[in-house]
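Student: I would like to learn how to read burial, helices and salt bridges in a protein model. Where should we start?

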Amino acid sequence: MIMRSCGTSPAASAVEDKKDESVPVEVVHFNPLRRQPGLLGRFRPKRPLNNFGDLIGPVIVGEIVKRRRLEELSRPTRLLAVGSIMRMSRPGDTVWGAGVNGKSMDAGAAPNIDVRAVRGPRTAKLLRELGTSVPDVYGDPALLWPHFWPLESYRQGVPDESLRDMSVVPNLYDRDRMTGPHLIDPLQDPFAAVREIALSNFVCGSSLHGIVIAEAFGIPARLIQPGTEPDFKYDDYYRGTGRSTFTPAKDVEEAIRMGGERPARVDSAALLEAFPDDLWTSS
């Protein structure tokens, strides 16, 4: 597999092939360099943020490329998959499942992008208003995680009494304000974060991908109103999974009382079929 992960930092991805850097296959994702908190952080080099939800895109794309034995790039391009990263697009980019952030009410997308799928219908609407052709294929590719790593693979051999009754996954900007009986740090390796979610019977929090991964596994999940993030990306996700409305909780206690949101309706086959195999050639 020849693929390079491209974030807003030079951080290596779990799916990066370092043997050949000559082919510009870029899986675009958000991963800026940030200083560590505290006094020592002023004197140490900046490090990649490594928010687990933003790292899922390269992981999912890499797994599909590996399993389908897609080896060579047929034309240089960049692929946007997973995350509210439409503002990072450039002319000629391919989009598969990414979305608009919603901090401003415009798509922020580059012209002449090749869209195969988007996160939800609100992203589709904004792109179409720009004259971009968008198919009716919706869904965050993180929903495909269990297609490759099913829930049973995490729970095999784990007794029911060892599963956590609940876990809280805050958005990275809510890490300091959100508490709970089991807090999952969003700033960690995606495989580690997903495993913690998979071993939970209920998940709540303001991390969009905490909700996405839980619902993909069929685990009841409830969004907690985020402190700073706009509702747009959450609404886009819920609408893209068959729910025209959703009701966030104001805090963990209310989320527990409310229980999980209505289950997501996911057309995994359509999302997988929309994957842009043509950017590569089969081995």
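Tutor: Start with a cut-off: a residue is called buried when its relative accessible area is under 20%, exposed when over 50%, and partly exposed in between. Asp235, at 10% relative accessibility, therefore counts as buried. Keep in mind that this is a predicted model.

Student: What share of the 283 residues is buried?

Tutor: Buried residues make up 54% of them. The accessible surface comes to about 12,900 Å², and carbon and sulfur atoms hold 50% of that.

Student: How many helices and strands does the protein have?

Tutor: There are nine helices and 12 strands. As for contacts with a separation of 6 or more, 56% are between residues 24 or more positions apart.

Student: How do I check the length of a helix such as α1?

Tutor: Compare the expected span with the distance between the end C-alpha atoms. Helix α1 covers residues 52-67, and at 1.5 Å a residue its 16 residues should span 22 Å; the end C-alpha atoms are 22 Å apart, which agrees. Just after α1, Arg69 has a positive phi of about 55°.

Student: Is α1 enclosed or open to solvent on the burial count?

Tutor: Of its 16 residues, 14 are buried, so α1 is largely enclosed by the rest of the structure. Helix α6 (residues 208-217) is also largely enclosed, because nine of its 10 residues are buried. Among them are Leu208, Ile211, Val212 and Phe217, together with the charged-type entry Glu215. Gly218, just after α6, takes a positive phi of about 85°.

Student: Why do salt bridges within a helix link residues four places apart?

Tutor: An α-helix has 3.6 residues a turn, so residues three or four places apart point the same way. In α1, Arg67 and Glu63 are four residues apart, about one helical turn. Their side chains meet in a salt bridge of 2.7 Å, N to O. Glu63 is buried at 10% relative accessible area, whereas Arg67 is partly exposed at 47%.

Student: Where else is there such a pair, with Asp235 in it?

Tutor: Asp235 forms a salt bridge with Arg239, with the closest N and O atoms 3.1 Å apart. Both lie in helix α7 (residues 232-240), four residues apart. Asp235 is buried, while Arg239 is partly exposed at 36% relative accessibility.

Student: What does a salt bridge outside a helix look like, for instance that of Arg78 and Asp93?

Tutor: The side chains of Arg78 and Asp93 meet at 3.0 Å, N to O. Arg78 lies in strand β6 (residues 77-80) and Asp93 in the loop between β6 and β7, so the pair ties together parts 15 residues apart in sequence. Arg78 is buried at 7% relative accessibility, and Asp93 is buried at 3%. Glu26 joins these two residues in a network of salt bridges. The whole structure has 18 salt bridges.

Student: How do I read a strand and one of its residues, say Arg116 in β8?

Tutor: Look at the strand, then at the side chain. Four of the five residues of β8 are buried, so the strand is largely enclosed. Strand β7 (residues 94-98) runs parallel to β8 and is joined to it by four bridges, with Ala98 opposite Val118. Arg116 is buried at 17% relative accessible area, and its side chain makes a polar contact of 2.8 Å with that of Asp278. Beyond its sequence neighbours, Arg116 is in contact with residues including Arg75, Trp96, Val137 and Pro276.

Terms used:
Residues numbered from 1 in each chain as written. Predicted model: local features only at pLDDT ≥ 70, side-chain atom pairs only at ≥ 80, totals over all residues. Heavy atoms only, no water. Helix = DSSP H or I, 4+ residues; strand = E, 2+ residues; numbered from the N terminus. Buried < 20%, exposed > 50% of the residue type's maximum accessible area, 1.4 Å probe, protein only. Contact = heavy atoms within 4.5 Å. Areas by Shrake-Rupley, 256 points an atom, 1.4 Å probe, with all protein chains shown as cover. Expected span 1.5 Å × (residues − 1). Polar contact = N/O pair within 3.5 Å; in protein donor to acceptor, adjacent residues only side chain to side chain. Pairing = 2+ DSSP bridges. Salt bridge = Lys/Arg side-chain N within 4 Å of Asp/Glu carboxyl O.
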